[in-house]
Amino acid sequence: MNFEEKLARIKVNSFSYLRSDWLLEMIKIFGSASEFLKQDAKTISKEGKISLESAQAFLKSCAMLDAQKEMEKTEKVGGKILFNGEEDFPTRLAEIKEAPLLIYARGDLGDTQRASVGMVGTRKISPYGRRAATQLAGDLAQSGIVLVSGLARGIDSVVHAQAVKNQSATWALIGTGIGRCYPAENRELARAILDTGGAIISELPFDAAPLAHHFPRRNRLIAGLSDLVVVVEGEVKSGALITAKMALDQGLDVMAVPGPIDSPTSGGPNKLIKEGAGMVLSASDIIDAIPSNKKFGLKVKKLYNESKAPSEPLTQQEQKIIDLIGEGSKNIDELSLESSFDIMQLSAILFSLEVAGVLICTDGKYSRSKFN
Amino acid sequence: MLCSITSACLKGIEGYIVNVEVDIAAGMPSLTLVGLPDQEVKEAKDRVLAAIRNSGFDSPIKKITINLVPAEIKKSGTHFDLPIALGILGASGQLSDTAIANLKKYIFIGSLGLTGKVHGCAGVLPMLIALKRKGKEKAIISQDNLEEAKYAAMAYFSAQNLKQVVDLLEEKIPFEQELKDNSENLSIQEVYTEDFSEVKGQTLAKRALEIAAAGGHNVLMMGPPGTGKSMLAKRFATILPPLEKEEMLEILQIYSVCGLLNKRKGNFQRPFRDPHHTISNIALIGGGQNPRPGEVSLAHNGVLFLDEFAEFSRTSLEVLREPLETFKVTIARAKETLTFPAKFTLIAAMNPCPCGYHGHNVKVCNCTPVQISRYKAKISGPLLDRIDLTVNLLPVNFSDWEKKAQGPTSKEIREKVIAARKIQKERFKNSTTTANAFMSVAQIKEFCALPKDGAQVLELAMKKLGLSARSLDKILKTARTIADLEGSKDIKKEHLMEVFQYRPLDRKGVRDI
């Protein structure tokens, strides 16, 4: 692919309202992206079976984008634009139904055929979801599996953060251009992902804004880069379930983490399980489902043999508080009513539990941070 | 003929002496009032002449000039009516020599009706206090101001009408009959109709308020509607230490200036002010064309409760920073600078998110994370820096509400507060600091030494809980108060650990790891 053609493809790719398989189809029809761009709106409308207005909007968007500049900006942040059809383009992405025309990637993609698991879930994370995601993602990262997610709030952030914590590569497929960070609070996390050998990937133009229609589309890329997709938490109608559907469409395994039947955020995974998705009770369930040819080199053994890190034994009082909190979350008022400790005693107990990482506190409510 | 009468006026809430000079001379009949009177004072002309006539005297048809000394300060208020009327009577020769001589003995403060009736006016108490300081002994005031005059430690005569005042001057009626000094009997009776034990549950919030009362800390309560934020705030004054005489006098002066004193007859509580969130900056902080104390000053020595804290306009919240830092409000004008005291405990309450139900056990919050963080960000950092204690409140379960005892009564908490205050009084006996919350950096260093394991606790909190060094001083001050409440000489690590319960907003940047 020559340079001219690359620039043309970057331009063609700028209009995010049209599907990438349509773009590829058009490039096929006209022979090349450069040729495609030379057409007028009428021809495109006729050949591409889209309305004249859409064709005009498409051409306008293409004309507005400075492809040269896109390349420069991407290189400046240490990124690369990979073109579908070139050798360095991830094979698995080229194989999906709606393969992207190109991707912008920051960081190190490495061997894209490595064992990888997509872990997705709700932004409105529950204490249970947090525990589950932390535990599962942590175990998978330790066994050397690449975690794929979307760098959104909630489950996505937990998954990426676990990978970073365990010095394992993770791929973040984002719903904006790679020149942006959305949500902004994940800037630090994004940097950490790049530092630990992960990559941030998007098919959108460098500066693309976080528009609503970007997110469902990037979900197909999460599925596309994964060997299987695990839904940790999510409502029945949620982005996580869209990803699951995309994965099924691409012929991947979908697994789900069961949750309480009355928890709205577990509605999605529970429904998936009912419909036949694999049930995740531990990380080994996920690893078992990874295609066997990819299990080479995984540090699975370590995971299975690993004994629990020796933690300080809990005092009787601490155990009492943990039992009172149980699976849910409680604030200090409830704990003091139920335990007969006064505020000062409770504060001391909660403080040591929180500092030890056994409990976490959000908005004044304490919940367990990991499984026993 | 010239006649000079002593009266007073207000600058902010400080009184000062004003001499009312009346000169009557032959010439075109007229009445001129000079000495920077404002509209209220100017209108005295018409009231006074009618009052003189209707009290059975003659209003002189001559050239009358009235001067208010010091002439360079702007004066306002209707209380110059009485001295002006007496000055006119004196200068026009309608008073006997006895009366003229007696005029010098008194100071006169009162407004006149057209019938000659002496009406009350605002600000009498601070004027009397200032005059007393200048060595004046006897005052003649309206009956309406009787209540407040009692506190000035000054002999006074409460007049019904102009005629009566003239009779007094002519020694037709004795002034001894009512001249008395009540200030020593001034008893502080605090009557509260509410009690802390009426609030069920909310143990943490109650404890936070107890600490706030003991150390003079400001509090922010965050929680969904119906969790008892307002209820708790309303009862906060009941656990504050009893008013001292000095404190009460300060309160009374401010209320006098605002003309609110007589409404508070006989019930001397610490003020509880809860302005609505639509309040203007001036109404909150004080000021205006004739500068008046605002809500922050009306809350002096008491509680300022700002419900729906995040709904206040940004500028209103920012003006709060000055009184929270310096305990007073300075209103600077080109011509003058006024100072109003404003030492209050701020109790702020807000919802956790725009819809109010974030974190609610039952109801669902539909706010997006962005909306929630934007809502919280309405309270600026510098303002939060002045709030030592923050608590999250959650709705109380009905079963808990039913079965559990109500917790300590106001009286019980107050006893602990008084004990803690006593320790602080001893601690700060050589400085102007009155409570732990107001400690200077040097004092924090002196009085908030940490035990060895305490320093470890702090370090852990910073590392693991993401507490910022910025809040260190506040943590130490609060820990000091908790130690005082426990009667402990040193700050222990338990005290520190409790403080972290009141700093939920510091726990930012804790990663999802």
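Here are four short exercises, with worked solutions, on a predicted model.

**Exercise 1. Get a feel for chain A**

Work out how many helices and strands chain A has, and how its radius of gyration fits the globule rule.

Solution. Start with the secondary structure: chain A has 18 helices and 12 strands. Next, take the radius of gyration, which is 23 Å, and set it beside the 21 Å that the globule rule gives for 372 residues. Those two values are close, so chain A is as compact as a globular protein of that length. For the outline, the C-alpha trace spans about 80 × 40 × 40 Å along its principal axes. Now look inside: 49% of the 372 residues are buried. Finally, check the contacts between residues at least 6 apart in sequence; 69% of them join residues at least 24 apart.

**Exercise 2. Is Ala172(A) buried or exposed?**

Find the element that holds Ala172(A), then judge its surroundings.

Solution. First, locate the residue: Ala172(A) belongs to strand E5 of chain A, residues 170-173. Then count neighbours. There are 30 other C-beta atoms within 10 Å, and 20 or more is enough to call a residue buried, so Ala172(A) is buried. Who is around it? Leaving out residues up to four places away in sequence, Ala172(A) touches several residues, among them Ser149(A), Leu151(A), His160(A), Ile193(A) and Ile201(A). As for Gly121(A), it sits 51 residues from Ala172(A) in sequence and 14 Å away in space, C-alpha to C-alpha.

**Exercise 3. Cross two helices between chains**

Decide how H18(A) and H22(B) are oriented, and sort the residues where they meet.

Solution. Take the axes of H18(A), residues 343-355, and H22(B), residues 493-501: they come within 8 Å and cross at roughly 85°. Angles of 65 to 115 degrees count as roughly perpendicular, and that is therefore the call for H18(A) and H22(B). Now list the partners. From H18(A) come Ile343(A), Met344(A), Ser347(A), Ala348(A) and Phe351(A), and they meet Glu494(B), Met497(B), Glu498(B), Phe500(B) and Gln501(B) of H22(B). Sorted by type, the contact residues give six nonpolar, two polar and two charged.

**Exercise 4. Find the buried side of H2(B)**

Pick out the buried residues of H2(B) and say where they lie around the axis.

Solution. In H2(B), residues 44-54, the buried ones are Ala44(B), Val48(B), Ala51(B) and Ile52(B). They cover an arc of only 100° around the axis, which puts them on the same side of H2(B). The spacing idea helps here: an α-helix has 3.6 residues a turn, so residues three or four places apart point the same way. Next, ask what that side packs against: the partners in chain B include strand E3 (30-34), helix H3 (81-91) and helix H7 (162-169). Last, step past the helix: Gly56(B) follows H2(B) and has a positive phi, near 95°.

Note on methods:
Residues numbered from 1 in each chain as written. Chains lettered and ligands numbered in written order. Predicted model: local features only at pLDDT ≥ 70, side-chain atom pairs only at ≥ 80, totals over all residues. Helix = DSSP H or I, 4+ residues; strand = E, 2+ residues; numbered from the N terminus. Buried ≥ 20, exposed ≤ 12 C-beta atoms within 10 Å, placed from the backbone. Contact = placed C-beta atoms within 7 Å. Axes fitted to C-alpha atoms, helices over the stretch in contact; angles between N-to-C directions. Parallel < 35°, antiparallel > 145°, perpendicular 65-115°, else oblique. Nonpolar A, V, L, I, M, F, W, Y, C, P; charged D, E, K, R; others polar. Rg over C-alpha atoms; globule rule 2.2 N^0.38 Å. Arc of directions from axis to C-beta.
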